[in-house]
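Below are some comments on the model, set out as numbered points for you to follow alongside the coordinates.

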Amino acid sequence: IKGLSRLLAGTIPFVGGERLKPGPAEVLAATPEGQPLVIKCDSHWLFAPHLGQTVAAFVGGRAVGGEHLGPGDGSADLMPGELRAEQAINLDFTLDRTAGADASPAFLRPVVDELLDLFTCIALEATESTGARAVMVWRWPENADSVASVTYEADAPSGESLRRAASMATKLGLRPSWLVPPPGLPQDVIRTFRKLGHDFGLLFRPDRAEPSDDQVKTQANQVARAMAESSLAGMGVLDGAWWGKNAPYRAASGAGLLAVSSKGGQQAGTSGFAFGTARLGCPVEGGQPLPITEVPRTVFAPSLVTPQSVAEALVSRTTEAAGLFHVVVRLSQLSDERLEASMIRVLTNAKVQGMSLHSPLSLAAFELARRRLKVHVDDHRVRLVSEHPIAGLTLLIAGTDWPLETAGRRYATAPVTRFGRTFSAATLDLERNQPADIRGQAVSAA
């Protein structure tokens, strides 16, 4: 099956599923004990792991309400006396981490993404076996293979730290997202950064162990008014704090925010894909997705917290996984020259490896609109309808001989390799509630 060789090269953890019986079929994946997990029969495939339960367990993580034991090697402290998102990690610190070049352990594999890609490859293979063409909407803007983002936490804003942050963004061509605590940043600073394509969210400062939704809303409104912003795009929590399971998501949504970015490593030993993913997602509660996007963090303060060798390894792993490489730094850390040197080295490497640079909060808005997209497929037409404007949306249609047209005009397509096979890729901009009809040869699977 196309695209499976990389995914089946290691062990992928999962939660829940069906027990398959061995029979006259080809076993493509199995447990260490030999229990079949993915089998191929003459005309169909069987996939045992439960995707929903696995995502809920590893990406959603556990509820944070008390301290948890961390790894025995001392690489991460999960009992710091405060509730943090790192305490929600459900992956195994022994089995699911890999030592980097300098022996620093980190979560170097987005194992949940690998399981999802495994299922996608099998679904595409099954679709192709029927003679139908698969239609997919790609996860990143402008058909990017992978993306890199930077978040500045304005924990200690000063003239010098703001200057350093702006200089680094200009050198690297970044459009960072700023997470700003009350009382906010000066309006002249905001105007300058906004002209450079930067965007802004709230750096929430909890004032007690289990904050209320009203605290989040009050601080978001305070920062927005001080900076003359109509609203903020997203939220992070100071020091990676967390409470409950989905409480911060509900609080952010109640404050009118689109994204939360707090889940990820604040320590060297929790660097990487600590929640199993290099992709944006929407948390689920009661079987329904919440109207907010989680932007996972990959690296925190490279060279100061995340070792340089680990950060560089994560660039390569993110590229392989077609994911998001998200770097977070605090303004209070920018006075250390090691950080700037490491940021330049790591992000230059990311661009060399083909990553497209976007702000984290703009990716969150794109993802939320993409997930709400309505796609209708019939034999000769794909109709796309979006509740929100989407720029740079990419439609993937299996094969290279699919001429497209919309509104009577031919649409430019380009061949692109995804999931081990070739697609025709068409990138387009959608207006709010304006149907886009794309016509071509027969298509019968979406």
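Which residue follows H6, and what is the sign of its phi?

1. Helix H6 is followed by Gly 256, whose phi is positive and lies near 80 degrees. This is a predicted model, and the backbone value should be read in that light. Within H6, which spans residues 247-254, the buried residues are Ala 247, Pro 248, Tyr 249, Ala 251 and Ala 252. These buried residues pack against helix H5 (213-226) and against three strands, namely S10 (234-237), S11 (259-260) and S14 (293-294).

2. The loop between H6 and S11 also holds Leu 258, which has a relative accessibility of 35% and therefore counts as partly exposed. Leaving aside neighbours within four places in sequence, Leu 258 is in contact with Ala 233, Ile 292, Thr 293, Ala 365 and Leu 368. For anyone setting up distance checks, Leu 258 and Pro 24 are separated by 234 residues in sequence and by 49 Å in space, taken from C-alpha to C-alpha.

3. Helix H8 (residues 337-352) deserves a careful look together with helix H3 (residues 159-172), since the axes of the two helices come within 10 Å and cross at roughly 25 degrees. Angles under 35 degrees count as roughly parallel, and H3 and H8 are therefore described as roughly parallel to each other. The crossing by which H3 passes H8 is right-handed. On the H3 side the contact is made by Arg 164, Met 168, Lys 171 and Leu 172, and on the H8 side by Glu 340, Met 343, Ile 344, Leu 347, Thr 348 and Lys 351. Sorted by class, this contact of H3 with H8 comprises five nonpolar, one polar and four charged residues.

4. Helix H8 also packs with helix H7 (residues 308-320), here at an angle of about 15 degrees and with the axes 9 Å apart. That angle makes H7 roughly parallel to H8, and the crossing of H7 and H8 is right-handed. The residues of H7 that make the contact are Gln 308, Ala 311, Glu 312 and Val 315, while H8 contributes Ser 342, Arg 345, Val 346, Asn 349 and Ala 350. By class, the contact of H7 with H8 has four nonpolar, three polar and two charged residues.

5. Turning to the sheets, four strands form an open sheet in the order S6-S20-S24-S23, with antiparallel pairing. Strands S6 (135-137) and S23 (414-418) stand at the edges with a single partner strand each, so one side of each is left without a neighbour in the sheet. Direction ignored, neighbouring strands of this sheet are turned against each other by 40 degrees on average. The pairing of S6 with strand S20 (residues 390-398) is antiparallel and consists of three bridges, and within this pair Met 136 stands opposite Leu 396 of S20.

6. Two helices can be placed relative to this sheet. Helix H2 (residues 111-129) packs on the sheet, where H2 touches S6 and strand S24 (421-430), and the direction of H2 makes about 100 degrees with that of S24. Helix H9 (residues 360-371) lies across S6 and S20, and H9 runs at about 50 degrees to S20.

7. A second open sheet consists of three strands in the order S1-S2-S3, again with antiparallel pairing. The edge strands are S1 (26-30) and S3 (45-47), each of which pairs on one side only, and the twist from one strand to the next averages 25 degrees. Strand S2 (residues 36-40) pairs with S3 in the antiparallel sense over three bridges, and the bridge partner of Ile 39 in S3 is Leu 46. Helix H2 lies across S2 and S3, running at about 160 degrees to S3.

8. A last element to inspect is the hairpin that joins S18 to S19 through three residues. Strand S18 (residues 374-377) and strand S19 (residues 381-385) run antiparallel and are joined by four bridges. In this pair, Val 377 stands opposite Val 382 of S19.

Notes. Residues numbered from 1 in each chain as written. Predicted model: local features only at pLDDT ≥ 70, side-chain atom pairs only at ≥ 80, totals over all residues. Heavy atoms only, no water. Pairing = 2+ DSSP bridges. Axes fitted to C-alpha atoms, helices over the stretch in contact; angles between N-to-C directions. Parallel < 35°, antiparallel > 145°, perpendicular 65-115°, else oblique. Left-handed = near helix turned anticlockwise from the far one by under 90°. Contact = heavy atoms within 4.5 Å. Nonpolar A, V, L, I, M, F, W, Y, C, P; charged D, E, K, R; others polar. Buried < 20%, exposed > 50% of the residue type's maximum accessible area, 1.4 Å probe, protein only.
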